[in-house]
Amino acid sequence: MSSLLYLIALILIIGWIFGFFVYSVGGLIHILLVLAIISVLLRLIGGRAV
């Protein structure tokens with residue numbers, strides 16, 4: 001389950017970077033970044049090593 005969380009975070013970060021530099025969609029891209037950061041923070045708060 002932990003590797004799945006990292007995979008989702010990685011996909012969201014890549015989507016944010018791709019969208020930010022190619023499409024500049026606006027708010028949706030920043031939502032993707034926030035979701036990726038939240039998923040990593042939940043992993044850290046869960047008490048497991050990164």
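I began with Ser 39, which I list as buried because its relative accessibility is 8%, and the model I am reading is a predicted one. Ser 39 sits in helix 2, and once I set aside its neighbours within four places in sequence, the residues I find in contact with Ser 39 are Leu 5 and Ala 9.

Next I looked up Arg 43, also a residue of helix 2. Which is Arg 43, buried or exposed? With a relative accessible area of 8%, Arg 43 is to be entered as buried, because the limit for that class is under 20%. I then took the C-alpha to C-alpha distance from Arg 43 to Tyr 6 and noted 8.6 Å in space, for a pair that stands 37 residues apart in sequence.

I turned to helix 1, which runs over residues 2-23 and holds Ile 13. Ile 13 has a relative accessible area of 32%, so I enter this residue as partly exposed, given that the class lies between the 20% bound for buried and the 50% bound for exposed. For Ile 13 and Leu 33, which are 20 residues apart along the chain, I noted a C-alpha separation of 5.8 Å.

Back in helix 2, which spans residues 27-45, I checked Leu 28. Its relative accessibility is 51%, and Leu 28 therefore counts as exposed, the bound for that class being over 50%. Which residues make up the nonpolar patch on the surface? I list Leu 28 together with Ile 31, Val 34, Leu 35, Ile 38 and Leu 42, and the accessible area of these residues together comes to about 550 Å².

I closed with the totals for the protein. How many helices and strands are there? I count 2 helices and 0 strands. Of the 50 residues in the protein, 16% are buried, and I have already entered Ser 39 and Arg 43 in that class. The area that the protein exposes is about 3,700 Å², and carbon and sulfur atoms supply 80% of that area.

As a last cross-check I reread the entries for helix 2, where I had placed Ser 39, Arg 43 and Leu 28. Ser 39 is buried at 8% and Arg 43 is buried at 8%, whereas Leu 28 is exposed at 51%.

Definitions and conventions. Residues numbered from 1 in each chain as written. Predicted model: local features only at pLDDT ≥ 70, side-chain atom pairs only at ≥ 80, totals over all residues. Heavy atoms only, no water. Patch = residues over 30% accessible without salt bridge, like charges linked within 9 Å, V, L, I, M, F, W, Y side chains within 5 Å. Areas by Shrake-Rupley, 256 points an atom, 1.4 Å probe, with all protein chains shown as cover. Salt bridge = Lys/Arg side-chain N within 4 Å of Asp/Glu carboxyl O. Helix = DSSP H or I, 4+ residues; strand = E, 2+ residues; numbered from the N terminus. Buried < 20%, exposed > 50% of the residue type's maximum accessible area, 1.4 Å probe, protein only. Contact = heavy atoms within 4.5 Å.
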